[in-house]
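I opened a fresh notebook page for this one and kept my entries short. Come along if you like looking things up residue by residue.

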Amino acid sequence: MTKSNLLSSILESVKSSPGYNGQIVHTHRIPPRNPLFADPTVSLSPPIKVALEGLGIDRLYIHQAKAIDLVSQNRNIAIVTSTASGKTICYNIPVLESMLSDSEATALYVFPTKALAQDQLRMLGNLCSHSPDLQDVVKVGTYDGDTPKHTRRKLRSEANLILTNPDMLHQAILPYHSRWSRFFSNLKFVVIDEMHIYRGIFGSNVANVIRRLRRVLKHYRTEPIFILCSATIANPKELAELLIGDQCEVISDDGSPRGPKVFVLWNPPFIDSRRMERRSSNVEAHDLMVTLVESGIQTITFTKARVVAELILRYVREALSRRNPHLVEKVRAYRAGYLPEERRRIERALFSGELLGVTSTNALELGIDVGTLDACLIVGFPGTIASTWQQAGRAGRKMDESLVIFIAYNDPIDQYLMRNPGYLLGKTPENAVIDPSNPYILAGHLSCAAFELPLSPDDERYFGELFSPVVSVLEDVKRVKTIEDRTYWATTDFPAAQVNLRTISDDTFTIIDATNRDKVIGVVDAISAPELVYPEGIYIHDGETYIVRHLDLQVKVAYVERKEVDYYTQPILESSISVIKEKQSKIWNELRAFYGEATVTWKTTAFKKIQFYRLDSIGYGTVDLPSQHLETASMWIYPEEGIVNDLRREGRNPVEGLVGLKNVLINILPLHVMCDRQDVGGIVETSNTGRSTVFLYDRFRGGLGFCEKAYALIPTILAAALRVIEECPCEGGCPSCVGLPMLRPPQHQDPGPGYGYPIPDKFTTIMLLRRILGSAE
């Protein structure tokens, strides 16, 4: 039986099984796509042809040929094609050709994670292994936080191809560029993979790191070609050019073949007469995964939280142990928190076909090569259309049919998608937004640039029109000093240490087996530790349950003990915002608006025990842990009492209108203040003002100017908010208008036991905005 027939027969058998109760609410069939080949106009050298033949490649796809041709014309390019379309060939061939023709040529590959760099090192080694000439020429290595010091020295002096990440480029390479003079003087290519990851604060920081790189390279009289690769986003050319600060040509004509794909929307059935509660989405996913694995279908199950990946793994293994014990070790979980060597073993086992199934967080959404799989289960909406298709793209072997099943949670957003499949399947992926000229971000990177080389007026070409004003501010606070037309770093500080490219914590907690203190089980970042390894909670690793005996906040260690239990735990979080200092205020018609400093506070106060396979709580426990704080910038608004009373007289709930307003403001802010939706948080609360108030805040310590700019643009953003809601074709509210943002959702909770928030009534928000804006008119 062919793979296509097998998947179809599995779906039919699922429909006829006793547990099926109409869960399939929509089936979308994506037709196959035949390969489109082309030959580049430039000839490939014999060693490259031999290496490609060794990989079974005798012709190139059209996007690969076009990439080679454009690079040969010294053009910067961004390749935006589907998962597993051979994007690595697009940059490896030009890079290797340059090294064959010029023994001094070097290249720098930048990946967002260490794991991706290691994966690409393996793939590059595989390509070169088929050609003795390439093996002689290419001297390659990864340069990251795990690279030993003696290896770093060897790579700097001998390597011609370095694989690294933006953080190392920022803190360990550019500040010490003189050690890299040989490498930088001969740099021909810079490759930036997974370009779509560089959005929001992270992307804005990385764009400035690239500008600093180009500036240092000018010092060494080199101007490399940039090659970027990306998953599908709405604005690839804009993002690529903002990232590198230069023109870039997009290649989006995908010549790779694609087999037919069946995309199924699966809604768990109601389990009560009131039609309020649905069967656990995790249980539905485990049933489907067991069926697929038992049929020999290699399957990946994507989840929204670490605990869900572990729960589904446990459920699948328990089912297989009863029915097919020999398959128990053929499934694993994959997520952040596993030790690096454990993750590499899982990647290799998945790639080789040794594993038949893996449950994963979005850690496998990135381009780590684990081979192409047959089926993909997506448990809960990942949050963006782009992520949904990135995950779905993990299934599909060349021209074989593949299966994707999106399993909904019983929360408002997922249920909206079940009722409106066209929103999920037909909507364009989101824009990726960055703002390299954000003065808060720019100030940090100009400090780093001054440390690397004295600044000059010519550097405005890299850093834009705010270059001179920001340098003046740095001079006022004695960070730099200008002598004639050169500006020098003027302190003994190391500025790169004060600029964190990412918003997550660098600190990690180690998770140790309390019965064997030499055994490290995993790691967790410092911000997440109180939500994942709180005392008496259950920590699940590789499907096995551990009880947390002690969380040492000083030493940053969690001690856990293996214990078999029939439940898992969910942290109960409390969060709040407190105004620290009001800096500005204004009354705009019937709206009061404020801007100032605020502290966002959250803590784990308790946990509840949830029985496996069920959504019911079977008990609670208390947790005594200190709060975590984010000191940041905030904007807050509330309508005058007259508007609130009018809404009540109309039978409307004013708080619902404010929640809808908060959600839509976060959705549209990226269009006005150049941030990503994940860069801004929000809450509706009463404790600071004595009345229901919408608070927006920068999700970055100290603030990055997003809410400050939003405060200045209140009339504009409120008008845009009303326009978005009124033009939305939905009936009562949807993720595109008043529904989506669940800001700072619990990162380690199972969404199943009711963590979705209702979509507010759009008409209450419309009435609120019309009243505010109408009075302005």
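My entries below go from the whole chain down to single residues.

**Entry 1: the whole chain**

I began by noting that this is a predicted model. I then looked up the secondary structure and found 27 helices and 29 strands in the chain. The radius of gyration came next: it is 27 Å, and the globule rule gives 28 Å for 777 residues, so the chain is as compact as a globular protein of that length. Along the principal axes, I get a box of roughly 75 × 75 × 55 Å for the C-alpha atoms.

I also wanted to know what share of the residues is buried. It is 57% of the 777 residues. For the accessible surface I have about 31500 Å², with 49% of it belonging to carbon and sulfur atoms. Among contacts with a separation of 6 or more, 74% are between residues 24 or more positions apart.

**Entry 2: a strand with cover on both faces**

I moved on to strand β15, residues 375-379. Five of its five residues are buried, so the rest of the structure largely encloses this strand. I checked the faces one by one: Ala375, Leu377 and Val379 are buried on one side, and Cys376 and Ile378 are buried on the other.

Which strands pair with β15? Strand β12 (residues 299-302) runs parallel to β15 and is joined to it by four bridges. There I found Phe302 opposite Ile378. Strand β16 (residues 402-407) also pairs with β15 in the parallel sense, over five bridges. In that pairing, Leu377 stands opposite Ile405.

**Entry 3: aromatic pairs**

I count 23 aromatic pairs in the structure, and I picked two to write up. A pair of rings is described by the distance of the centres and the angle of the planes, so I noted both values each time.

For Tyr176 and Phe494, the ring centres are 6.0 Å apart and the planes are at 20°, so I filed the pair as stacked. I then asked where the two residues sit in the chain. Tyr176 is in the loop between α8 (166-173) and α9 (181-185), while Phe494 is in the loop between β18 (486-489) and β19 (508-513). That puts them 318 residues apart, so to speak at distant parts of the chain. Tyr176 is partly exposed at 29% relative accessibility, and Phe494 is partly exposed at 25%.

My second pick was Tyr315 with Phe612: the centres are 6.1 Å apart and the planes are at 80°, so this pair is edge-to-face. Again the pair links distant parts of the chain, 297 residues apart. Tyr315 belongs to helix α13 (residues 306-323), and Phe612 to the loop between β25 (591-611) and β26 (617-622). Are these two rings' residues buried or exposed? Tyr315 is buried at 2% relative accessibility, and Phe612 is buried at 8%.

**Entry 4: a cluster, and charges over rings**

I found one aromatic cluster formed by Tyr143, Trp180, Phe183, Phe184 and Tyr220. Tyr143 turned up again in my search for charges: the charged end of Arg152 sits over its ring, 5.5 Å from the centre. Elsewhere in my list, the charged end of Arg122 sits over the ring of Phe351, 4.7 Å from the centre.

**Entry 5: two buried residues and what they touch**

Ser230 lies in strand β9 (residues 225-230) and is buried, at 2% relative accessibility. Setting aside neighbours within four places in sequence, I listed its contacts as Ile79, Val80, Thr81, Lys87, Met195 and His196.

Tyr462 is in helix α19 (residues 460-463) and is buried at 5% relative accessibility. Which residues does Tyr462 touch, not counting those up to four places away in sequence? I wrote down Arg211, Arg214, Arg215 and Lys218. I also took the distance from Tyr462 to Arg502: 22 Å, C-alpha to C-alpha, with their positions 40 residues apart in sequence.

**Entry 6: positive phi**

Last, I looked up positive phi values in residues other than glycine, and noted Asn74, with phi near 65°. Asn74 is in the loop between α3 (62-72) and β4 (77-80) and is exposed, at 61%. Lys478 also has phi near 65°. Lys478 is in the loop between α20 (467-476) and β17 (480-483), and counts as exposed at 62% relative accessibility.

How values were computed:
Residues are numbered from 1 along each chain as its sequence is written. This is a predicted model: local features need pLDDT of at least 70, side-chain atom pairs count only at pLDDT 80 or more; totals for chains, interfaces and linings use all residues. Side-chain values use heavy atoms; hydrogens and water are left out. Rings of Phe, Tyr and Trp (its six-membered ring) pair if their centres lie within 6.5 Å; planes under 30 degrees apart count as stacked, over 60 as edge-to-face and the rest as tilted. Buried means under 20% relative accessible area, exposed over 50%, partly exposed in between (1.4 Å probe, protein chains only). A charge sits over a ring if NZ of Lys or CZ of Arg is within 6 Å of the ring centre and within 35 degrees of the ring normal. The radius of gyration is taken over C-alpha atoms; the globule rule is 2.2 Å times the number of residues to the power 0.38. Contact means heavy atoms within 4.5 Å. Accessible areas come from the Shrake-Rupley method with a 1.4 Å probe; for residues, only the protein chains shown count as cover. Two strands pair if DSSP finds at least two bridges between them.
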